[in-house]
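Got the viewer open? Let's take a short tour, starting on the inside and working outwards.

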Amino acid sequence: MDARRIGFYGLSYGGETAVRVPTLLERYSLSICSGDFNSWTRKVAATDERFSFMYTIEWEMPYFNMGNTFDYAEMTYLMIPRPFMVERGHNDRVARDQWVAYEYAKVRWLYAQFGLADRTEIEYFNGGHTINGQGTFAFLHKHLNWPEP
């Protein structure tokens, strides 16, 4: 194993973990969040969206005061200067594209402020709650110096 090339690529709850764990452990070189990057506060509390946690068995989320302090973008800020990517299927019923785009725009803006815009990306694809593996694999090749097949 090459300790300089450790990345985290997570789908769904793994995508959530890809935002939380690598931001705290500096040995991760990069992180990719698939099928989960979201406006978390709205996701947990909305009563007007069918995909809200208010309508699932996960309705009581034990994240004390998260909505008043930070959301996905703010957690992602802790990745800087390391590369970060979001993978988003247009038909993923976890959230709306607009929510994901809004939250990601804050990430892109901050990376750009530090001259690091080339280290963050979002890929939209025509699919659902799945790993697409197109732009994300290119991202891994680029940022981990991983040779193309």
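Start with the largest cavity: in this predicted model, the space inside comes to about 40 Å³. If you set the threshold at 30 Å³ or more, the structure holds one cavity.

Next, select what lines the largest cavity. From one stretch of the sequence, pick Cys 33, Ser 34, Gly 35, Asp 36 and Phe 37. Then add Val 86, Glu 87 and Arg 88, and finish with Asp 92, Val 94, Ala 95 and Val 100. Try colouring your selection by residue class: the lining splits into six nonpolar, four charged and two polar residues.

Now switch to cartoon and highlight strand 2 (30-34) and strand 3 (84-89). Each of these strands supplies at least two residues of that lining. Which strand gives the most to the lining? Strand 3 does, with three residues.

Zoom out and keep the cartoon on. You should be able to pick out six helices and four strands in the protein. Walk along the sequence and the elements come up as β-α-β-α-α-α-β-α-β-α.

With the whole chain in view, turn on contacts. Among those with a separation of 6 or more, 66% join residues 24 or more positions apart.

Last stop, the surface. The protein exposes about 8,300 Å², and 56% of that is supplied by carbon and sulfur atoms. Colour by burial to finish: 45% of the 149 residues count as buried.

Key
Residues numbered from 1 in each chain as written. Predicted model: local features only at pLDDT ≥ 70, side-chain atom pairs only at ≥ 80, totals over all residues. Heavy atoms only, no water. 1 Å grid on protein atoms, 1.4 Å probe; cavity = no way out; pocket = protein on both sides within 12 Å on 5 of 7 lines; lining within 4 Å. Points joined across faces, edges and corners; volume = space filled by probe spheres on them. Nonpolar A, V, L, I, M, F, W, Y, C, P; charged D, E, K, R; others polar. Buried < 20%, exposed > 50% of the residue type's maximum accessible area, 1.4 Å probe, protein only. Contact = heavy atoms within 4.5 Å. Areas by Shrake-Rupley, 256 points an atom, 1.4 Å probe, with all protein chains shown as cover.
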